[in-house]
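Below are some notes on this entry, set out point by point for a colleague who has the coordinates open.

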Amino acid sequence: MRRRYEDEPDKQRGFGPVAVDLLASFWHNPLDYDTDAAKRPIRRTRFTRALTAVTAAAIGFLLVVAYQHTIAAAPANAEIRDQLIADINTRQAETDRMQDDAEQLGEDVENLRDELLGNDAEAAELDDQAALAGLAAVEGDGVTVTVSDGPEPEDPAAQDLGRVIDRDIQTIVNTLWSLGAEAIAIDDQRLTATSAIRAAGAAILVDFRPVTNPYTITAIGPPDLAREFNATPTAHTFDNYSNDYGLGFTVKATDDLTLPAAPAPPLDNAAPLLPPGSAPDPSGSESGR
Amino acid sequence: MIAALALAVGIALGVFLDPDVPLWLQPYLPIAVIAALDSVFGGVRARLDKKFDDKQFVVSFISNVLIAALIVYLGDQLGVGSQLSTGVVVVLGIRIFSNAAAIRRHLFSA
């Protein structure tokens with residue numbers, strides 16, 4: 001093999017079609033030398049040596065620049081991603097802090113109102129109403145329902161039937177309401193009469209805030225809520241889902257649950273009815289905001 | 001020997017200066033690297049064959065880089081830039097491998 005190659009560098013063994021011969025000629029004759037090097041004397045002067053040195057330096061420079069360029073491009077992407085994640089976390093922390101502030105202020109308002117009312121029975125009635133409406137934190141015994149995504153299908157193209165969707169959560173929540181639950185929260189987000197559970201892409205949003213797998217639904221209601229819930233068709237359906245698609249589903253009676261208050265909904269059109277005797281509010285509907 | 005030293009100097013310069021690559025040059029960088037590698041392997045092989053020619057080394061490096069850049073530029077204008085880049089990489093890659101094979105035969109006679 002070697003002998004043949006060195007003895008007859010230009011004589012290629014036929015590979016067949018011309019296109020293959022093109023590749024063969026690349027392989028056998030990679031340097032575009034003159035066929036006979038002796039014919040053309042190689043002169044090496046100081047100048048040509050310097051040229052070679054400059055070219056070699058240029059090649060080294062080029063290789064390093066390309067290397068550094070490639071290296072520099074990779075962390076830049078990761079950096080931007082990290083920055084975005086940090087931004088999201090900062091904003092989320094800010095939102096949480098403001099939410100806490102709002103809750104604190106709401107409590108202050110309630111306390112002041114109770115003081116002004118000076119009537120314990122009326123104040124208690126108001127507190128009960130607020131709790132029912134989801135505007136006050138509540139505690140009590142109830143049930144914890146946990147649903148989680150099943151394992152992903154092995155075939156990525158297949159429909160993921162073990163995935164929890166917004167309608168699953170809606171069904172469970174509606175069943176709990178129908179069994180007399182007085183307060184329900186999903187992943188510690190309290191539901192009110194106007195709460196929306198919906199999907200945006202693959203994420204499930206409760207009142208426009210995402211909740212994540214596994215989904216924990218806590219409800220405070222009548223003493224045997226867990227047993228009653230387990231007897232409903234909804235629980236049977238989810239048991240079947242659990243058996244068929246590997247979806248996680250547990251129901252557990254839980255004592256001393258504490259559910260947070262939901263943020264007060266903004267009043268866009270309605271104005272609170274003023275108690276008789278107080279001066280009418282000139283700003284009208286604006287007072288609701 | 002001088003060429004190897006110069007290569008080291010070039011690498012040191014690149015590390016030391018750490019230049020920014022302008023955006024318009026970036027598509028040509030990988031092609032230029034392949035062409036440069038081809039020249040290096042060709043040069044080493046020619047040296048071992050005792051056929052090394054300074055002029056040929058310099059001219060082939062410059063012309064390879066220019067032609068490769070031209071092909072990529074043309075491909076970009078025609079909308080087949082990535083395909084033509086692949087073609088350049090394949091052709092120069094074959095040359096690099098066959099030159100490397102010749103170098104291997106010289107050094108290890110295997």
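1. The contact between the two chains draws 29 residues from chain A and 37 residues from chain B, two residues being in contact if their C-beta atoms, placed from the backbone, lie within 7 Å. This is a predicted model, in which local features need pLDDT of at least 70 and side-chain atom pairs count only at pLDDT 80 or more, while totals for chains, interfaces and linings use all residues. Residues are numbered from 1 along each chain as its sequence is written, with chains lettered from A and ligands numbered from 1 in the order in which they are written.

2. On the side of chain A that touches chain B, α2 (18-28) and α3 (46-117) each supply at least two residues, and the largest share, 19 residues, comes from α3(A). Helices (H or I, at least four residues) and strands (E, at least two) are DSSP runs, numbered from the N terminus.

3. Chain A has 7 helices and 8 strands, and buried residues, those with 20 or more other C-beta atoms within 10 Å of their own, make up 19% of its 289 residues.

4. The largest nonpolar core, a set of buried Ala, Val, Leu, Ile, Met, Phe, Trp, Tyr and Cys residues joined through C-beta atoms within 7 Å, has 34 residues, and A:Val147 and A:Ile169 are among those with the most contacts inside it. Elements of chain A giving two or more residues to this core include β1 (138-148), α5 (166-178) and β8 (248-259). A second, separate core of 28 residues includes A:Val64, B:Ala3, B:Ile34 and B:Val65.

Notes
A residue is buried if 20 or more other C-beta atoms lie within 10 Å of its own, exposed if 12 or fewer, and partly exposed in between; C-beta atoms are placed from the backbone.
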